[in-house]
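Got your viewer ready? Here is a short tour of the inside of this protein, with something to select at each stop.

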Amino acid sequence: MTRRNPLPEQLATEPFRSRKAAPSIIPRSRLRASDLNREVRGTRLAAQNLTLRQRCALFQLRMPPAAFFSHATAALLHGIPLPLRQSHVPPVHIALPNPHRAPHAEGLIGHKLHVEPHEVVVMPDGLRVTSVVRTWLDLGSQLSLADLVAAGDFVIHRRHPLASVSQLAAALSRRSNRRGLVTLHTAWGMLSAFAESAPESILRVIIVLAGLPEPRVNIHVVDRRGEFVARTDLAIAEYKLVIEYMGDYHRTSPGQWRDDMTRRSRLEAQGWRVMEVNADDLLDQAELIDRIRRFARL
C-alpha cells in the first residue's frame, strides 16, 4: 500500500482551493487522493461525508466576496427546522445582491436578491449568510404555511429567541418582494413562542385551518384547588380536549413513557379528554381532523 504524504498542518483540517496549493508543498497526485473530498469543484477537504457547514465552507472558497448563503441553506445554518425534503443533503442556496447576476454552478441554486447591509451577517465560523429575520422572509416563497409557522415558532421561541415577533413584523412591513407575501402575513399571525417542536406547530396550523378553535400551546392545567396537574402540548378549552404530539422519544425512553401515562391519567381525572398524535397522523389531515372532531364529540 502506498503511503500518502501528510498534508500541511493547516490544510489537514481546513478547506482549501486546489489550484492555490503549490506543487512544492502538495504534489498534484496528492490532490487526487481518495482521502480528499472533491465534491465542490476546485476545492479540497480532508473529509468524506461532508456536513452542510463543510459544504458551505468549500463553496465559500469559490464565491465572490459579495455572495452569501440564503433561503433553505441559511435556515439550516441558523438551526431553523425545515421539512425533511429540504434538510437532507439539499442543494446549496447562494445569492448575490442586485445588480449582480445569480450565480450558476453544479450543486447550487443561485439567487439575485435586493438586500440591506444588515440583512447579511457573518457567522462565528466565517460563513456569510442572510440574517435570521431575512431568512424567514425568504422562506415565505418556498415553504407551506404550516412549515413556515414551524420555522417562525423556532425563531421566536421564548427560551432561545433568534428574533422577536416585532422584528419579524417590522421586516415584513418593509418587504418589497411580493412573492410569498400573503403566506408570510398569515404565518406571522399564527406564530407562538411556546411551541416546543416543528410537528407540534404543524399540528396547530392543521387544526386552525380546519375551522376548529385555535389550541392554546403548552398551558398548565390546574385542579379545582389551583394545584398543578400537567402541562399540555395543545389544549382546546372549549371542548376540554388535550392533543399531545408523541415523538419517537416518548416510546424509546422508559422514563418519558411513565411520565406520559401519569400525565394522561391526571388530566382524565380532571375531566379532560386526551388524544395522542404521531408523525404518521399528520400525513392524512382530513382523517386527523375528523378524528379530532369525534374526540371533541362535535
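We will visit a cavity and then the nonpolar cores.

**Stop 1: the cavity.** Keep in mind that this is a predicted model. A search of the whole structure turns up 1 cavity of 30 Å³ or more, and the space inside comes to about 40 Å³. To frame this spot, select Glu 244, Met 246, Asp 260, Arg 263, Arg 264, Val 274 and Glu 276, which line the cavity. Which residue classes do you find in the lining? There are 2 nonpolar and 5 charged residues, with no polar ones.

Now show the secondary structure. Helix 11 (254-269) and strand 13 (273-277) each supply at least two of the lining residues. Helix 11 gives the most, with 3 residues.

**Stop 2: the largest nonpolar core.** This core has 48 residues. Try selecting Trp 136, Leu 203, Ile 207, Ile 243, Val 277, Leu 282 and Ile 292, the members that touch the most others. Then colour helix 6 (residues 145-155), which gives the most to this core, with 7 residues.

**Stop 3: around Ile 207.** Centre the view on Ile 207 and look past its neighbours within four places in sequence. What is Ile 207 in contact with there? Its partners are Leu 212, Pro 213, Pro 215, Leu 234, Ile 236, Ile 243, Ile 289 and Ile 292. Two of these names, Ile 243 and Ile 292, should be familiar from the previous selection.

**Stop 4: another core.** Finally, select Val 40, Cys 56, Val 92 and Leu 96. They are among the 20 residues of another core, which lies apart from the largest one.

Terms used. Residues numbered from 1 in each chain as written. Predicted model: local features only at pLDDT ≥ 70, side-chain atom pairs only at ≥ 80, totals over all residues. Heavy atoms only, no water. 1 Å grid on protein atoms, 1.4 Å probe; cavity = no way out; pocket = protein on both sides within 12 Å on 5 of 7 lines; lining within 4 Å. Points joined across faces, edges and corners; volume = space filled by probe spheres on them. Helix = DSSP H or I, 4+ residues; strand = E, 2+ residues; numbered from the N terminus. Nonpolar A, V, L, I, M, F, W, Y, C, P; charged D, E, K, R; others polar. Core = buried A, V, L, I, M, F, W, Y, C linked by side-chain atoms within 4.5 Å. Buried < 20%, exposed > 50% of the residue type's maximum accessible area, 1.4 Å probe, protein only. Contact = heavy atoms within 4.5 Å.
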